[in-house]
Amino acid sequence: MKLLIASDIHGAARWCERLMRAIDAERPDRVVLLGDLLYHGPRNDVPADYAPKQVIAMLSAIAPQVIAVRGNCEAEVDQMVLPFPCLADYAVILDEAGAPVAAGGDAGGRQLRELFCTHGHVFGAGRDNSVDNLPPLAPGTTLVYGHTHIKAYEESALHPGVWIFNPGSVGIPKDGTHSYGIYQDGRFEHRLLEE
């Protein structure tokens, strides 16, 4: 299973177009969108390329591939213009071919990998600007979240045994680079969007 994971487009059409090119090149099985798709929000400046109607058209074109969760900037009106569900606080993805098993594991050498996908404002690992509020998660689960606009991939300092992955932001990065993530063969990677 190959997932392309993106967050925080915030209506930035130029960067969403670059994301669409990345989706074409990467050929993922599914595209996981972690919220804040259309609106820039009151805490962010309006992106120079702010054109939510163009972002709607681009995301609508890939609707069958999309798994989306609600960000703090989503509202019911966003659901009215997007053809895929986008108002759930989280989605759980199970990968049967997931993570390598440590010594003593089953003969197949792999174990089920759980990805708890959310935006980061309701559920989060307490890193950067995400809340410290996790539901009970099994050890080895990865919290996949956005919201902070800052890339991350590490074991959670506040929640040992839980891993965190943040793809960064497509539209308004706060760490200097526009980015998305890839999950494949039980591994996560950050990828930069090209200028």
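A polar contact is a pair of N or O atoms within 3.5 Å; within protein, one must be able to donate a hydrogen and the other to accept it, and residues adjacent in sequence count only if both atoms are side-chain atoms. The model is predicted, with local features requiring pLDDT of at least 70 and side-chain atom pairs pLDDT 80 or more, while totals for chains, interfaces and linings use all residues. Residues are numbered from 1 along each chain as its sequence is written, and side-chain values use heavy atoms, without hydrogens and water.

**Exercise 1.** Describe the setting of Ser-156 and the polar partners of its side chain.

*Solution.*
1. Ser-156 is located in the loop between β9 and β10 (163-166); strands are DSSP runs of E, at least two residues, numbered from the N terminus.
2. Ser-156 has a relative accessible area of 5% and is therefore buried (under 20%, with a 1.4 Å probe and protein chains only).
3. A polar atom of the Ser-156 side chain lies 3.3 Å from the backbone nitrogen of Leu-158 and one lies 3.0 Å from the backbone nitrogen of His-159.
4. Beyond four places in sequence, Ser-156 is in contact (heavy atoms within 4.5 Å) with Ala-125, Val-162, Trp-163 and Ile-164.

**Exercise 2.** Characterise His-149 by location, accessibility and side-chain contacts.

*Solution.*
1. The loop between β8 (142-144) and β9 (152-155) holds His-149.
2. Because its relative accessibility is 2%, His-149 counts as buried.
3. The His-149 side chain makes polar contacts with the side chains of Asp-8, at 3.1 Å, and His-10, at 3.2 Å.
4. Residues touching His-149 from more than four places away in sequence include Asn-44, Gly-168 and Asp-175.

How values were computed
Helices (H or I, at least four residues) and strands (E, at least two) are DSSP runs, numbered from the N terminus. Buried means under 20% relative accessible area, exposed over 50%, partly exposed in between (1.4 Å probe, protein chains only).
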